[in-house]
Amino acid sequence: MARSRIDTKMVPVILGLSIAFTVTVVDPLMLSLNLPQMSRDLQVPSQLIGFLSGAATLVMAAAVLAVGSLADSFGLKRLLMLGLVAVTVVNLLSTLSPGYRYLLAMRFLDGLGLAALLGVSFALLKMSVPEEKRPAAIGVFMATEMVLCGVTPAVAGWVVDTVGWRWLFLVTPLLCLLSLWLTARYVPDPPGGQRRRLDVAGVTLVGVALLALVIGVAAAQNGISRPETLLPLALSLIAFVLFVFHERRTPEPVLELGLFRSRAFSVALAANLTLNFIVGGFGFVLGQFGGVVLSLPPQTIGLLFLPGTLLIAGAVVLAGVLIGKYTPRPVMISGLLVMAASGLLLAGTASPEMAVWLLVPATWLCNLGSLVTSSSVSETVLAHAPPEKSGTVASVQQAFGMTGYAFGPTVYLLLFNVFFQREWLNDAESRGLSVTEAENAVDAARSGMAVSTGSSGYDPNLLRHASGLKLDVDFTEGLRLTMLTVSLLPLLMAVAVYLLVPRRRKPRAQA
């Protein structure tokens, strides 16, 4: 156990890298939690709300593979610092957003900068920490992320409540500047690897596949058989098939397909996609349910992340120690089961009169499960990375994670709209209302977003009294069914880890 302890000289290195990585989490999270205010002020069309929430993470998922290759060739530390500067500038420009189109463009640019932080931070951690101390270092890395993820949403909510949502975009630059100073001063600069040709075709194809898939899924809420849904989904499938075909033939692929021969590596990536999907969707749910039904101000929603932060940080440090002592397998299973418990808890307790404190354990369990799972996933993936390809292999993990995070809000919104529509149609039928009358009532409630300045979502009075419908109850039932459905994913993933991941460590695969 003594060998796994971290030298105090490594602490500022881990802190600098962890803050950079945390920016990729809290930046889109703060946007999701405060999206009702932004979407109302900027008049964002309802079909674009989920897309705006996941725009930056979508770009990260597509670009992080290219970042990994570039970092191995041109320098991990140099690219990380460049990304920190880029994210700072883009967020400052976002404060000037005159409309949702401008903000959407900024989110795409923000995603490019965040991709550099995402693809490089773990790779630098691997290069900076001895292998026998890496599990413990990952625990501290994740614990730092947890503390910031607990504090930042509360600070962001206070900022929005006090001075408005535009000032929200000043929080990320402060974190970036702190990480930039720690990185420049303490993080060693590992030598660059052999310069590789950037797989432009591969990056383009994976970007088209992900973008078209998100557009198709977002359009599915208006009908699965519509051309607006089928054409993007078909384009996504074609681009994905071409991507796999291209990667198998090109001499310098952006994605090393040979890595997927390892069951542990493949299952870890699937677990990473799952946990980020749940986290991305959960933040969206808190912002919508808390603001729409419970009429909670942004500051209160942000404070949901704060209780138990230090306890989770300690648990994540312990998870790192357990991974080093045993294997990532039992830790990964435990984290996934905790995430499932979070969704099931919210599904079982959500109601229009729900006490705010009931949201705290659901949020706490989601954060705890996601970070414990992420610690074990990171160790599994990094164990497969040879030093000269640390950036490339680490970027594969982050590409899967950000794909899940980008799809979380969109898929949650799709499921919610399906269940919500079913509930208010049943409500209308029980009251003798026609479908047209019910649709008009729902549209009237939605218009309350523009006229109700004291609410972050639907007008509460319209929710309760529109044409006699109980839309607050219907909304909540839609949410409960959504959470019940998505909670099956981490449960199934835990079973897959149990069945497919080896119980004992195996020698590291060489790429």
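**View 1. Ten residues surround the second largest cavity of this predicted model.** Ile278, Phe282, Met339, Ser342, Gly343, Tyr412, Met483, Val486, Ser487 and Pro490 line the second largest cavity. Start by finding the helices behind these names: H10, helix H13 (328–349) and helix H18 (471–486) each give two or more residues to this lining. Which helix gives the most to the lining of the second largest cavity? H13 does, with three residues. Sorted by class, the lining has seven nonpolar residues, three polar ones and no charged residues. The volume of this second largest cavity is about 40 Å³. The model you are looking at is predicted.

**View 2. The largest cavity has a volume of about 300 Å³.** Rolling a probe the size of a water molecule over the atoms shows where empty space is left. How many cavities of 30 Å³ or more are counted here? The count comes to three. For the largest cavity, look for Val25, Glu145, Val279, Ser370 and Leu371, which are the closest to its centre among the 25 residues that line it. Helices H1 (11–33), H6 (134–163), H10 (263–292), H14 (359–382) and H15 (390–430) are the elements that each give two or more residues to the lining of the largest cavity. H10 gives the most to this lining, with six residues. By class, the lining of the largest cavity divides into 14 nonpolar residues, ten polar ones and one charged residue.

**View 3. The whole chain is built with 19 helices and zero strands.** Step back for a moment before the next close-ups. The chain has 511 residues, and 59% of them count as buried. Now think about contacts between residues at least 6 apart in sequence: 85% of them join residues at least 24 apart. It helps to keep this in mind when you meet pairs of residues with distant numbers.

**View 4. Leu359 belongs to the residues with the most contacts inside the largest nonpolar core.** This core has 150 residues, and Leu125, Phe289, Leu346, Leu359 and Met483 are those with the most contacts inside it. H10 supplies the largest share of the core, 16 residues. Which residues does Leu359 touch, once its neighbours within four places in sequence are left aside? Leu359 is in contact with Leu286, Phe289, Leu294, Leu296, Leu304, Leu346 and Met354. You have already met one name in this core: Met483 also lines the second largest cavity.

**View 5. Ser18 and Ser378 are two serines that sit in helices, Ser18 in H1 and Ser378 in H14.** Are they buried or exposed? Ser18 counts as buried because its relative accessibility is 0%, and Ser378 is buried too, because its value is also 0%. Leaving aside neighbours within four places in sequence, Ser18 is in contact with Phe141, Thr144 and Glu145. You may recognise Glu145 from the list of residues closest to the centre of the largest cavity. With residues up to four places away in sequence not counted, Ser378 touches Phe122, Ile138, Met142 and Gln397. Phe122 is a useful landmark for Ser18 as well: the two are 104 residues apart in sequence, with their C-alpha atoms 8.5 Å apart in space.

**View 6. Ser262 lies in a loop, between helix H9 (227–249) and H10.** Although Ser262 is in a loop, this serine counts as buried, because its relative accessibility of 18% is under the 20% cut-off. What does its side chain reach? The side chain of Ser262 reaches the backbone nitrogen of Phe265, at 3.2 Å.

**View 7. Leu92 is in helix H4 (residues 76–94), while Gln43 is in the loop between helix H2 (35–41) and helix H3 (46–74).** Leu92 counts as partly exposed, because its relative accessibility is 40%. Gln43 is exposed, with a relative accessible area of 64%. Not counting neighbours within four places in sequence, Leu92 is in contact with Phe169, Leu170 and Pro173. Leu92 and Phe169 are 77 residues apart in sequence, and 6.4 Å apart from C-alpha to C-alpha. For Gln43, the contacts beyond four places in sequence are Met38 and Tyr100. Next to Tyr100 in the numbering is Gly99, whose C-alpha atom is separated from that of Gln43 by 7.6 Å, with their positions 56 residues apart along the chain.

How values were computed
Residues are numbered from 1 along each chain as its sequence is written. This is a predicted model: local features need pLDDT of at least 70, side-chain atom pairs count only at pLDDT 80 or more; totals for chains, interfaces and linings use all residues. Side-chain values use heavy atoms; hydrogens and water are left out. On a 1 Å grid over the protein atoms alone, a cavity is a set of points where a 1.4 Å probe fits but cannot get out, and a pocket is an open set with protein on both sides within 12 Å along at least five of seven lines; lining residues have an atom within 4 Å of a point. Grid points are joined across faces, edges and corners, and a volume is the space filled by probe spheres set on the points. Helices (H or I, at least four residues) and strands (E, at least two) are DSSP runs, numbered from the N terminus. Ala, Val, Leu, Ile, Met, Phe, Trp, Tyr, Cys and Pro count as nonpolar, Asp, Glu, Lys and Arg as charged, and the others, Gly among them, as polar. Buried means under 20% relative accessible area, exposed over 50%, partly exposed in between (1.4 Å probe, protein chains only). A polar contact is a pair of N or O atoms within 3.5 Å; within protein, one must be able to donate a hydrogen and the other to accept it, and residues adjacent in sequence count only if both atoms are side-chain atoms. A nonpolar core is a set of buried Ala, Val, Leu, Ile, Met, Phe, Trp, Tyr and Cys residues joined through side-chain atoms within 4.5 Å. Contact means heavy atoms within 4.5 Å.
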